[in-house]
Amino acid sequence: MSKKVVLVWFRNDLRLHDNEVLSEAINKSDLIIPIYFFDPRYYSKNKFHNYKTGVKRAQFQLESVSHLKEKLQSMDSDLMTFVGKPEEILPKLCAKYEVMEVYHHREVASRETQISELVESALWENKINLRHFIGHTLFHKEDLPFPIKDIPDKFNIFRKKIERESSVRNPLDAPTSIQSPQHLEQTSIPSLQDLGFSEDEIIQMPKKDMEGGEDIAFEKLNTVLDPNYAGNENFSLISPYIAVGSLSPIFVYHRMQSSGLSQNKKRYDRLMTMLLWRDYFRFMLKKYPNIFFKINGNNPAAKNPESIDQDLVAKWSSANTGKEAVDDSIQTLLTTGNITYAERRLISKYFTQDIGSNWLAGASFFEEHLLDFAPATTYGFWSHMAAVGTSEKENSCSDWQELAKRFYVSK
């Protein structure tokens, strides 16, 4: 009797703990082949001439993938890595290793779902099934108190109902061993040059403040959950790890319950709110496909500008607006790839209020530079700053001048 071989396609789930795909693969197969693709489509530029993945986040990804690879190798397995399109490479690998099924976590944004569909079609030509899992949110889709089509648009109603009528699942344990085929093809982690970045872009990259990897994610979480932590960062200290999947939101939640953070109700509530907003954005993008990438959202009457004032946008994106608080925040983003949500509100509100250009260009700037970029969260956030988000009450925000005053008071 031949052994069942399952290929685990890692995407934004670069961890061993609380990984439903990996756990199911271990339970349902004899041998597992872990794979990660550096898809060139994610390292090109978009129509606004911003990178879909900037050099800082690319480096963070490389570190996160490398860390996972080392962990798998310590269990006599490995993480095979390739630069290329998964729909072109996966069928060949499945044939080579006699793979019966491919497991992966489903995404919600159009670009990611289109890639899944391409992979599914390519695999099915060889009668290989692509099995989808849903494991990126705090509350599991199957545990929601309403079907996706009936999810409340208003965030506060969504929050109250989900907290009252649903519960967070327990995190899955990390595996202690993984059985993989012997003599897997030897692959190596690519360099930034392999991903298409120039020497100048790499040399000019600022010194990083955050390093990728599951173990470092745990360290950052411990910092956030320390009731004596006095830094300005809260969710943004762990959000890059959640975005790349080195840290599970479910794991974060249960650590919150068992930590001393409850002693600081204000910080606890802020962290919980951000986890719920992240869920809300993902579920809204499922309810209203592609809604956060439409300039007027669900409101054609909004008539947001589609044109771009290139000079004003260039000054904004290079931290040369002449507005100290705005420029300081943008410079921090350019330097570190990570800013607080107070800073994000400030610079995005300045963009939508004073620049008078297509807000999607501002969101795409965040897409390039943020370490914690996630399509639903980033574009969902910007759509509300542009007053076309799905939660009507949140389609308003203080003027950037008021936000700037608060920003300097908080500093």
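**A colleague's note on the predicted model**

1. Let's start with a helix pair. In this predicted model, helix α5 (residues 155-165) and helix α10 (residues 265-287) have axes that come within 10 Å and cross at roughly 105°. The two helices, α5 and α10, are therefore roughly perpendicular to each other. By class, the contact of α5 with α10 involves eight nonpolar, one polar and four charged residues. On the α5 side you will find F155, F158, R159, I162 and E163. They meet D269, M272, T273, L276, W277, D279, Y280 and F283 of α10.

2. Next, the sheet. Five strands make up an open sheet, ordered β3-β2-β1-β4-β5, and their pairing is parallel. At the edges sit β3 (80-83) and β5 (129-133), each of which pairs on one side only. From one strand to the next, the twist averages 25°.

3. If you would like one strand pair to inspect, try β4 (residues 101-105) with β5: the two pair in the parallel sense over five bridges. Within this pair, E101 stands opposite N129 of β5. Two helices that pack on the sheet come next. Helix α3 (residues 86-97) packs there and touches β1 (5-10), β2 (31-38), β3 and β4. The direction of α3 makes about 155° with that of β1. Helix α4 (residues 110-124) also packs on the sheet, where its contacts are β1, β4 and β5. The direction of α4 makes about 150° with that of β5.

4. Now for the nonpolar core. Which residues of the largest nonpolar core touch the most other members? They are L7 and W316, in a core of 134 residues. Helix α10, already met as the partner of α5, gives the most to this core, with 12 residues.

5. W316 deserves a closer look. Setting aside neighbours within four places in sequence, W316 is in contact with T321, V326, I330, I347, Y350, F351, I355, G362, F365, F366 and W382. A selection of these residues around W316 would make a handy view alongside this note.

6. Two loop positions are worth comparing with your own view of the model. P206 lies in the loop between α6 (199-203) and α7 (214-225), whereas the place of D78 is in the loop between α2 (55-73) and β3. Is P206 buried, partly exposed or exposed? Its relative accessible area is 26%, so P206 counts as partly exposed, the class between under 20% and over 50%. D78, at 7% relative accessibility, counts as buried because that value is under 20%.

7. The contacts of these loop residues reach other parts of the chain. Leaving out neighbours within four places in sequence, P206 is in contact with K56, L334 and T335. The C-alpha atoms of P206 and G337 are separated by 9.5 Å, with these positions 131 residues apart along the chain. For D78, the residues touched are P34, K69, L72, Q73 and L184, again not counting those up to four places away in sequence. The C-alpha atoms of D78 and N126 are separated by 25 Å, and the two residues are 48 apart along the chain.

8. Last, a charged residue in a helix. Where is E214 placed? E214 is in helix α7, and it is buried, with a relative accessible area of 2%. Which residues does E214 contact, leaving aside neighbours within four places in sequence? They are R15, L16, H17, H67, K71 and S246.

Definitions and conventions: Residues numbered from 1 in each chain as written. Predicted model: local features only at pLDDT ≥ 70, side-chain atom pairs only at ≥ 80, totals over all residues. Heavy atoms only, no water. Axes fitted to C-alpha atoms, helices over the stretch in contact; angles between N-to-C directions. Helix = DSSP H or I, 4+ residues; strand = E, 2+ residues; numbered from the N terminus. Parallel < 35°, antiparallel > 145°, perpendicular 65-115°, else oblique. Contact = heavy atoms within 4.5 Å. Nonpolar A, V, L, I, M, F, W, Y, C, P; charged D, E, K, R; others polar. Pairing = 2+ DSSP bridges. Core = buried A, V, L, I, M, F, W, Y, C linked by side-chain atoms within 4.5 Å. Buried < 20%, exposed > 50% of the residue type's maximum accessible area, 1.4 Å probe, protein only.
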